[in-house]
Each structure stands twice: as C-alpha cells, then as structure tokens.
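Open the structure in a viewer and keep the selection tool at hand. The tour goes from one selection to the next and says what is found at each stop.

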Amino acid sequence: MKHIAILIALLGLLAGCASRQALNPADLEPGRLPAPDISLNIPGLGPCTDSPDRSLRLDSSQPVHILVHGCFGSSGQFRGLAQVLAFHGQQTACFTYDDRARLAEVADELKQAVSQLAAQSRIPQVTVIGHSQGALIARKAMTESLGAAPPGRAVDVRLVTISGPFAGIESARTCGKTWLYPLTLGMVPLSCYLVTGPKWADITYSSSFIREPGALAPQVANYLKIDTNESGTCRREENGRCAEGDDIFSLAEQRHPIVEADGRTKRVEVGAGHVEIVGDKQVAPKKLIAILQAEGVLRPTPAASLPAFGLLLARVYEGKPTP
C-alpha cells in the first residue's frame, strides 16, 4: 500500500506540466515578416505550427527567436507567441522534443540545433525563449560552448527563461531521496520513471542537472530570467470559485543562486499564473508581452497598430472572430 501511495503522490508531478490548450489553428500571418531567402532542415527546429512540413523558411539576415515549450507541449502550443512576434516583424522557430526524455539529452539537441542554425545562415542574433520545463532545457543548452561561429562573424545569443523550476520540482522530492531506493526495493525510482519517463532523474532537487546548472556560454550576451509569483492564481473559475488553480511552481522552486549569479543575468518577478504568463485559449499573455517589450526582446507596438494588435490577441488567445 505504501508503494501505491508513493505512486499516487508522484502523479502530482504532472501538475508541473501545463495541459494541452489548443489555440487558434490559423498559421502565422506572413505579411509583417521579412521575406524568407533560405530554407533549412535542422533536427528539432521548425515553424511554430503543427504542420507536417518542418522546413524552416527564414530571412537569413534577420534575428530569430527560438521558442522552447514545456511538457505536454508541441510547436503549435507556442503558435500564439510566434504570432505576437510576427505581428512585430520578428521571425521565430520552435524547438520540438520528447518531453519525457532526459533533459540533459534534450538540451544537447537544442544546443546542436542553435549551432547548426548559426552555421547555415547569416543570422546575426538568436534569442532562445523557454517556458517551464523548456526553461530548464533552454538554459542548459546555453552553457559551455555553442560551437564555432562561421568565419568572419559572431552570432549574438540571448536567453529568456519563464517560470523555470531551477531548484527542482518540489512534487518530485520523493524521487530525489536516494536513501529510499533500497528501502522500497526499487519501487520509488520505478514509480518515478512510470510517471515522467527518463527525465525524472533530472528534475529532482538532488540531481546533478539541478545542483550543477553550469556557466553560461561566452556567446550568451544577456539572460533575462522571468520568475512568476503564482500564489493564489486561478486558471479556471466555475460559479465564482476556482475550479483549476494556476499555481504550479513556487518562487522557491524557481530561484537558484548559481543560475542567478552570472553578471549577464537580469531577474524579473511578476505576479502571474504558470499558464497565464504565456497565455492560452482563455487569456492573452499581456504581462509577458509588457516585460519582453520593456527588456527589448519584443519590439514596441506602434501606436497606430495598437487596435490591430488588440484584435490579434483576442482572436488568437480568446477565440474571438475578426470583425
């Protein structure tokens, strides 16, 4: 019975993953984006849609924003943010991965994808934006060396993480208690594996992935770390009461002294729910947009374009038809 209780408790790990929330299925609107001049096929990178065609078509002279989803995600989950960037003339790529795989392995795949993107184009700047589990992957990928830049130029790399549990996921604490493994005849690690897959070994407070996050690569010019104070937030209400909370990771789970010690790091704290901050089919990520614009990641919205931008947010995130 004790082993069953442990397994049930470990199911709480899945609360750290935003459930699938389909946004407006429309593809990105190309009108505000620079015209592409190259087509690339890089493992893991593709357009921020669920199209089976994963070819990446870009203007090789313009910056690229790579979006890294959390678990239960897909490229299409970040379609909304990609449309926000596209509205401001900024091009994106989405990184797709197996969200049950070891995070260290996925981070290496992302690192290789960024290196290939830099090597196969003239792109002057890459901004990597990761949310939740994707934040852990994004930062790990940006440690150590990113590989040599093409001859005669350097690629400027920026990092943005949002709501990342850098101190380890509290609901996975049992998985990190190695002294329990022999006492439970191996049932604890087995239960952890059944619930989350191989990545369970990377998300606990005692894992080397968490304890030794590594130093940022020299190519990283700056790092914006957005932490969300999710206490008391609600994702869905019914009859005036909260039916589904949006309090997934505490600030304590998001803070990490080594991660925040680098002089290139700027930490911003915002009161927002875990899903609210990146938006879903009920709410637009207005708080995130404000931070990204204040920090120079997202271009300012021209005053004349504000009405059109408001309509875009309503259509993409709230499912309201365009008049």
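The stops below cover a sheet, a loop beside it, a hairpin, some salt bridges and a surface patch. The model is a predicted one.

**Stop 1: the sheet**

Begin with the open sheet of seven strands, whose order is β2-β5-β4-β6-β7-β8-β11 and whose pairing is mixed. Its edge strands are β2 (45-46) and β11, each of which pairs on one side only. In general, the strands of a sheet pair through backbone hydrogen bonds, and they do so either parallel or antiparallel.

Now select β4 together with strand β6, residues 125-131; these two run parallel and are joined by five bridges. To see one bridge pair, pick histidine 65 and its partner in β6, threonine 127.

**Stop 2: the loop before β4**

Keep threonine 127 selected and add proline 63. In sequence they are 64 residues apart, yet their C-alpha atoms are 7.7 Å apart in space. Proline 63 belongs to the loop between β3 (56-58) and β4 (64-68). Is proline 63 buried or exposed? Its relative accessibility is 21%, so it counts as partly exposed; the cut-off for buried is under 20%.

**Stop 3: the hairpin**

Select residues 234-238, which are strand β9, and residues 241-245, which are strand β10; the two run antiparallel, with four bridges between them. Together β9 and β10 make a hairpin with two residues between the strands. In the turn, look for asparagine 239, which has a positive phi of about 55°.

Two pairs can be picked out across the hairpin. Cysteine 234 has glycine 245 in β10 as its bridge partner, and arginine 236 stands opposite glutamate 244 in β10.

Stay with glutamate 244 and add arginine 235. Their side chains form a salt bridge, at 3.7 Å from N to O. Which of these partners is buried? Arginine 235 counts as buried because its relative accessibility is 12%, while glutamate 244, at 28%, counts as partly exposed.

**Stop 4: a salt-bridge network**

Next, display Lys225, Asp227, Arg255, Glu260, Arg267 and Glu269, which salt bridges with shared partners join into one network. How many salt bridges are there by the rule used here? The count comes to 16.

Within the network, zoom in on arginine 267 and aspartate 227, which form a salt bridge with the closest N and O atoms 2.6 Å apart. This pair links distant parts of the chain: arginine 267 is in strand β11 (residues 265-271), aspartate 227 is in strand β8 (residues 220-229), and they are 40 residues apart. Aspartate 227 has a relative accessible area of 0%, so it is buried. Arginine 267 counts as partly exposed, at 28% relative accessibility.

Then move to arginine 211 and glutamate 212. Here too there is a salt bridge, and its closest N and O atoms are 3.8 Å apart. Arginine 211 has a relative accessibility of 44% and therefore counts as partly exposed.

**Stop 5: a charged patch**

Finish by switching on the surface and selecting Asp98, Glu105, Asp108 and Glu109, which form a negative surface patch. One of its members, aspartate 108, sits in helix α3, residues 103-119. Aspartate 108 counts as partly exposed because its relative accessibility is 40%.

Key. Residues numbered from 1 in each chain as written. Predicted model: local features only at pLDDT ≥ 70, side-chain atom pairs only at ≥ 80, totals over all residues. Heavy atoms only, no water. Pairing = 2+ DSSP bridges. Salt bridge = Lys/Arg side-chain N within 4 Å of Asp/Glu carboxyl O. Buried < 20%, exposed > 50% of the residue type's maximum accessible area, 1.4 Å probe, protein only. Patch = residues over 30% accessible without salt bridge, like charges linked within 9 Å, V, L, I, M, F, W, Y side chains within 5 Å. Areas by Shrake-Rupley, 256 points an atom, 1.4 Å probe, with all protein chains shown as cover. Lys, Arg positive; Asp, Glu negative; His and termini not counted. Charge placed at Lys NZ, Arg CZ, Asp CG, Glu CD.
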